[in-house]
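Student: I would like to go through the terms used for this structure and see what backs each of them. Please set each value against its definition.

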Protein chains: 2
Amino acid sequence: MQALGFHYLIELHGCAREKLLDAPFLENLFQKAVKESGATEVGRVFHNFSPEGVSGVILISESHFSIHTWPEHHYAAVDLFTCSTTVDIQLIYKHLIQALEAKTHSIIEIKRGQKIPSEK
Amino acid sequence: MQALGFHYLIELHGCAREKLLDAPFLENLFQKAVKESGATEVGRVFHNFSPEGVSGVILISESHFSIHTWPEHHYAAVDLFTCSTTVDIQLIYKHLIQALEAKTHSIIEIKRGQKIPSEK
């Protein structure tokens, strides 16, 4: 069975703290990422936490892009979940690293919607 | 370094097709899951696709709960992402399986916000 979705979990450490505090900046960054990926937005919600930190999700026709930031740890957790195989994930990944000035980072791909052979 | 977040990727196969088509039902199901988990909602967006399928995210103070459905494959991809260690994920998992009548299912936990030792 082919995968129905491709879920990329991105870890961004050592980011610029001021970027992780800035909800409008992050919303704009993600809006660009969606556009760049060729995806279609169907809704979004961003939230600025007190005392600090931002969470945001853009729902797309192809699934979702999300970010959660921990400014005090200079860390952001990003998910890019898409059912499309045409999205250039590496390009978006590179842009996010640059925009947030991440010093260390990782990305893993998890295939979603595949039956696990051992399951009955 | 302790994990900052706990991300549960839930695969639900063999679900009842009519449940996966029903955005209000799924939104209500997720609202209950958030309440049950003791999390605090800060926003949500749900979308019904044409010809079929639902995507929805509830943004919570502790991160997010999301669902994407593929009714034609009787499949739903659920994410429960939380920075809280007090959420009873197994209880929510069990309720989702029951509510969607999933015949096969799996859950994996991915720790977010841990530095990878091999990274500089």
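Student: Why does Glu101(B) count as partly exposed?
Tutor: Its relative accessibility is 40%. Buried means under 20% relative accessible area, exposed means over 50%, and partly exposed is in between, with a 1.4 Å probe and protein chains only. Glu101(B) therefore counts as partly exposed at 40%.

Student: What kind of model is this, and which cut-offs apply?
Tutor: The model is predicted, with local features needing pLDDT of at least 70 and side-chain atom pairs counting only at pLDDT 80 or more, while totals for chains, interfaces and linings use all residues. Residues are numbered from 1 along each chain as its sequence is written, chains are lettered from A and ligands numbered from 1 in the order written, and side-chain values use heavy atoms, without hydrogens and water.

Student: What makes the phi of Glu101(B) worth listing?
Tutor: Phi is positive, about 55 degrees, and the residue is not a glycine. Most residues other than glycine have a negative phi. Glu101(B) sits in the loop between helix H3 (89–100) and strand E6 (104–112) of chain B.

Student: What is the phi of Glu101(A), and where does that residue lie?
Tutor: Glu101(A) is also not a glycine, and its phi is positive, near 55 degrees. It lies in the loop between helix H3 (89–100) and strand E6 (104–112) of chain A. Its relative accessible area is 42%, so Glu101(A) is partly exposed.

Student: Which helices and strands does chain A have, and in what order?
Tutor: Chain A has three helices and six strands, in the order β-α-α-β-β-β-β-α-β from the N terminus. Helices (H or I, at least four residues) and strands (E, at least two) are DSSP runs, numbered from the N terminus.

Student: How do you know whether the peptide bond between Ser50(A) and Pro51(A) is cis or trans?
Tutor: Omega is about 10 degrees, and the bond is cis. Most peptide bonds are trans. Pro51(A) lies in the loop between strand E2 (41–48) and strand E3 (54–60) of chain A. In chain B, the bond from Ser50(B) to Pro51(B) is cis, with omega near 5 degrees.

Student: Is Ser50(A) buried or exposed, and why?
Tutor: Its relative accessibility is 73%, so Ser50(A) counts as exposed. Ser50(A) lies in the loop between E2 and E3 of chain A.

Student: How does the radius of gyration of chain A compare with that of a compact globule?
Tutor: Chain A has 15 Å, and a compact globule of 120 residues would have a value near 14 Å, so the two agree. The radius is taken over C-alpha atoms, and the globule rule is 2.2 Å times the number of residues to the power 0.38. Buried residues make up 57% of the 120 residues in chain A.

Student: What relates chain A to chain B?
Tutor: A turn of 180 degrees and a shift of 0.0 Å along the axis lay chain A on chain B with an RMSD of 0.0 Å. That is the relation of a two-fold axis. Superposition is by least squares on the C-alpha atoms of residues with pLDDT of at least 70 in both copies.

Student: Which residue of chain A comes closest to the rotation axis?
Tutor: Val45(A) does, at 3.5 Å (C-alpha). The same surface serves both copies, as 100% of the contact residues of chain A recur in chain B; contact means heavy atoms within 4.5 Å.
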